[in-house]
Amino acid sequence: MPEKHLAEWRPDAWADVTDVVCPATFAKALAALEDLEKGQILEIRLNDGEAARNVPLSIKDEGHLVLKLSDNGDGTCTLLVRKLDD
Amino acid sequence: MVVDYAALKSGGFMRQKQKNNFSMRLKVVGGKLEASQLAAIAEVAEKYGHGYVHLTSRQGVEIPFIKPADMENVKAELLSAGVFTGVCGPRVRTVTACQGSAVCPSGCIDTYALAESISERYFGRELPHKFKFGVTGCRNNCLKAEENDLGVKGVYSVSWSRETCNLCGVCAKVCREGAVSVTEDTLVVDETLCNHCGRCAKACPSDAWSGQPAYLLSFGGMFGNRIASGRQILPPLTDTAALFRAADAALGFFDRHGKPGDRFLVAVERAGWDVFEKYIRAEVLHA
């Protein structure tokens with residue numbers, strides 16, 4: 001079932017991948033997810049553009065649930081991901 | 001010994017600058033070869049050639065420096081490993097493909113399977129001139145569909161349902177065409193901007209978007225002496241049978257309107273794009 005009403009997500013951890021480029025953006029995000037328990041939420045700060053277009057898709061392919069992608073208005077986006085698979 | 005160059009060419013033997021030497025073209029479909037086939041090719045190159053192969057611009061393999069006297073042995077040894085000779089000259093050539101949805105996350109269609117089907121149906125068919133098929137799995141177009149006489153591009157025919165959508169915003173961001181925007185309580189989709197890339201459906205975390213694999217065809221491309229990009233004259237086709245109706249019709253049209261030595265595009269231009277388009281649309285969409 002989809003998770004609705006997304007305003008209340010409380011991230012369990014935070015990662016910044018704005019300092020790297022593809023494919024390291026995805027690799028760094030995955031590495032951050034590894035430290036989480038199943039069901040926990042990771043907040044990822046990533047650059048708008050290529051990273052914002054590609055990382056959510058790759059995260060889904062890895063079996064995790066993307067909850068929200070929002071534009072921060074400063075050239076970066078915030079992606080909330082719930083860890084599903086170990 | 002009298003050498004029948006036409007027969008050699010149709011069997012994939014390319015005359016070299018070096019007298020009495022031929023570069024032997026092999027049949028490769030979609031750029032895929034088994035390791036066992038590669039091993040047999042390597043052995044033949046060592047034994048009969050100069051110990052190397054040339055990878056062609058269209059995913060083919062050629063073994064240079066084969067002598068006419070060895071050709072039958074070479075063919076037999078390759079055949080025993082499931083390697084067939086290719087073709088040159090005025091006929092349907094190697095069908096090229098990217099790895100497609102079987103391997104690539106971006107792939108919308110199973111390019112390997114489709115390339116095999118196309119090759120099985122048309123490979124080697126005699127025509128007024130060479131005819132190239134290329135199959136690319138998605139809009140990224142790694143296989144350069146429009147360079148081919150008939151190019152196939154994998155896309156998705158997409159639809160969105162409010163029911164399971166949680167308005168996460170991912171589809172709006174992954175859409176490169178700006179066709180999707182998210183408001184407070186719904187999505188707005190501008191279908192005139194949609195290029196059927198399917199990234200919305202691929203990225204959607206809640207299955208609110210669904211995508212059905214479809215084929216976008218381009219006709220009349222070439223990338224040799226003359227360079228032209230193939231034209232899209234049909235909507236995306238979700239039915240593989242429709243794709244083959246289109247290909248059957250295009251090759252039949254080429255046979256009827258092409259003079260020997262005409263590339264497909266030249267035959268279409270002589271008959272008129274309007275005539276060709278009307279014919280193809282009738283064969284494909286109103287069958």
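This is a guided tour of a two-chain model, stop by stop, with a note on what to select and what is there.

The model is predicted, and local features are reported where pLDDT is at least 70, side-chain atom pairs count only at pLDDT 80 or more, and totals for chains, interfaces and linings use all residues. For your selections, residues are numbered from 1 along each chain as its sequence is written, and chains are lettered from A, with ligands numbered from 1, in the order in which they are written.

**Where the chains meet**

Begin by selecting the contact between the chains, which takes 13 residues from chain B and 16 residues from chain A; two residues are in contact if their C-beta atoms, placed from the backbone, lie within 7 Å. On the chain B side, the elements that give two or more residues are α5 (170–174) and α6 (199–203), where helices are DSSP runs of H or I with at least four residues and strands are runs of E with at least two, numbered from the N terminus. Colouring that side by class gives six nonpolar, four polar and three charged residues, with Ala, Val, Leu, Ile, Met, Phe, Trp, Tyr, Cys and Pro counted as nonpolar, Asp, Glu, Lys and Arg as charged, and the others, Gly among them, as polar.

**The sheet of chain A**

Next select the open sheet of four strands in chain A, whose order is β1-β2-β4-β3 and whose pairing is mixed; two strands pair if DSSP finds at least two bridges between them. At the edges stand β1 (13–16) and β3 (65–71) of chain A, each with a single partner strand, so one side of each is left without a neighbour in the sheet. Neighbouring strands of this sheet are turned by 20° against each other on average, direction ignored, the angles being taken from 0 to 180 degrees between N-to-C directions of axes that are lines fitted to C-alpha atoms, for helices over the stretch in contact. Zoom in on β1(A) and β2 (residues 41–47) of chain A, which run parallel and are joined by four bridges; here A:W14 stands opposite A:E43 in β2(A).

From β1(A), move into the loop between β1 and α1 (24–34) of chain A, where A:P23 is found. The peptide bond from A:C22 to A:P23 is cis, with omega near 5°.

**The sheet of chain B**

Now select the four strands of the open sheet in chain B, which is ordered β1-β2-β4-β3 with antiparallel pairing. Its edge strands are β1 (13–15) and β3 of chain B, each of which pairs on one side only. Between β2(B) and β4(B) there are four bridges in the antiparallel sense, and B:F22 stands opposite B:I66 in β4(B). Helix α2 (residues 35–48) of chain B lies across β2 (22–26) and β4 of chain B, running at about 15° to β4(B).

At the edge, β3(B) and β4(B) are joined by two bridges and run antiparallel, and B:L55 has B:V61 in β4(B) as its bridge partner. The two strands form a hairpin with five residues between them, and B:Q59 in the turn has a positive phi of about 65°. B:Q59 is buried, with 20 other C-beta atoms within 10 Å; a residue is buried if 20 or more other C-beta atoms, placed from the backbone, lie within 10 Å of its own, exposed if 12 or fewer, and partly exposed in between.

**The loop between β6 and β7 of chain B**

Select B:K144, which lies in the loop between β6 (133–136) and β7 of chain B and has a phi near 55°, a positive value in a residue other than glycine. B:K144 is partly exposed, with 18 other C-beta atoms within 10 Å, whereas B:E146, in the loop between β6 and β7 of chain B, is buried, with 20. Not counting residues up to four places away in sequence, B:E146 touches B:G151, B:S218, B:G221, B:S229 and B:G230.

**Helix α7 of chain B**

Finish at helix α7 (residues 240–257) of chain B, whose 18 residues should span 26 Å at 1.5 Å a residue (the expected span is 1.5 Å times one less than the number of residues), and whose end C-alpha atoms are 26 Å apart, which agrees. Which residues of α7(B) are buried? They are B:L243, B:A246, B:A247, B:A250, B:L251, B:F253, B:F254 and B:H257, and they cover an arc of only 155° around the axis, which puts them on the same side of α7(B); the arc is that of the directions from the helix axis to the C-beta atoms. On the other side of α7(B), B:A241, B:G252 and B:R256 are exposed. To see what covers the buried residues, display elements of chain B including α4 (111–122), β7 (150–160), β10 (209–219), α8 (264–271) and α9 (273–285).
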